[in-house]
Amino acid sequence: MEQTIYFEDYQIGSSRMTSGRTITETDFVVHAGHTGDFFPHHMDAEFMKTTPFGQRIAHGTLVFSVGVGLTASVINPVAFSYGYDRLRFIKPVFIGDTIKTRTTISAKEDDPKRPGSGRVIERCEVINQHGDVVLAADHIYIVERRDKPKRG
């Protein structure tokens with residue numbers, strides 16, 4: 001779906017929740033292959049039985065990529081991703097856990113490099129089936145202003 005949302009239209013505090021997605025062993029294997037991260041924390045069930053976790057834990061980058069992917073349901077042609085700040089892996093995610101992502105507009109600010117745009121900060125919280133936040137990050141967007149400054 002495409003929806004044009006200008007900088008002025010974003011409201012601090014507005015939020016949305018995505019649908020859920022269950023993390024599978026296939027996700028672990030494919031992510032390890034893509035990234036080269038075959039650490040035993042993700043791939044060795046017997047090793048992980050000897051740890052406080054008791055079982056394999058998802059790659060933090062897997063949880064991040066799936067969690068962010070869940071938010072990608074609206075294309076805004078006047079905005080683009082500038083990056084992420086404050087990324088934290090708060091709690092482990094296991095095979096069989098179902099995650100969803102809550103996004104909340106937390107701040108708006110001028111963009112010093114682009115006077116015709118502003119920065120919108122969207123807090124992303126990935127939540128498991130128990131309601132626990134397992135990952136958090138701030139997604140920064142560059143968004144065009146509806147009313148661009150006059151050039152003089």
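This note covers strand pairing and the largest pocket in a predicted model.

1. Start with strand β4, residues 98-110. Strand β1, residues 15-17, is joined to β4 by three bridges. The two strands run antiparallel. To find this pairing in the structure, look for S15, which stands opposite T104 in β4.

2. Next, take strand β2, which spans residues 21-22. Two bridges link β2 to β4, and this pair is antiparallel. Here R21 faces I99, a residue of β4.

3. Now turn to strand β5, residues 117-127. How many bridges join β4 to β5? There are ten, and the strands run antiparallel. One position to check is T103, whose bridge partner in β5 is C124.

4. Follow the chain from β4 to β5. A hairpin makes the connection, through six residues.

5. The second topic is the largest pocket. Its volume is about 520 Å³. The lining of this pocket comprises 24 residues. Which of them lie nearest the centre? They are Y10, R16, V74, E122 and Y141.

6. Several elements give two or more residues to the lining of the largest pocket: β1, α4 (60-71), β3 (79-89), β4 and β6 (133-144). β3 gives the most, with four residues. Note that β1 and β4 appear in this list, and that these two strands are also joined by three bridges.

7. Last, consider the chemistry of the lining of the largest pocket. Eleven of the residues are nonpolar, ten are polar and three are charged.

Conventions
Residues are numbered from 1 along each chain as its sequence is written. This is a predicted model: local features need pLDDT of at least 70, side-chain atom pairs count only at pLDDT 80 or more; totals for chains, interfaces and linings use all residues. Side-chain values use heavy atoms; hydrogens and water are left out. Two strands pair if DSSP finds at least two bridges between them. On a 1 Å grid over the protein atoms alone, a cavity is a set of points where a 1.4 Å probe fits but cannot get out, and a pocket is an open set with protein on both sides within 12 Å along at least five of seven lines; lining residues have an atom within 4 Å of a point. Grid points are joined across faces, edges and corners, and a volume is the space filled by probe spheres set on the points. Ala, Val, Leu, Ile, Met, Phe, Trp, Tyr, Cys and Pro count as nonpolar, Asp, Glu, Lys and Arg as charged, and the others, Gly among them, as polar.
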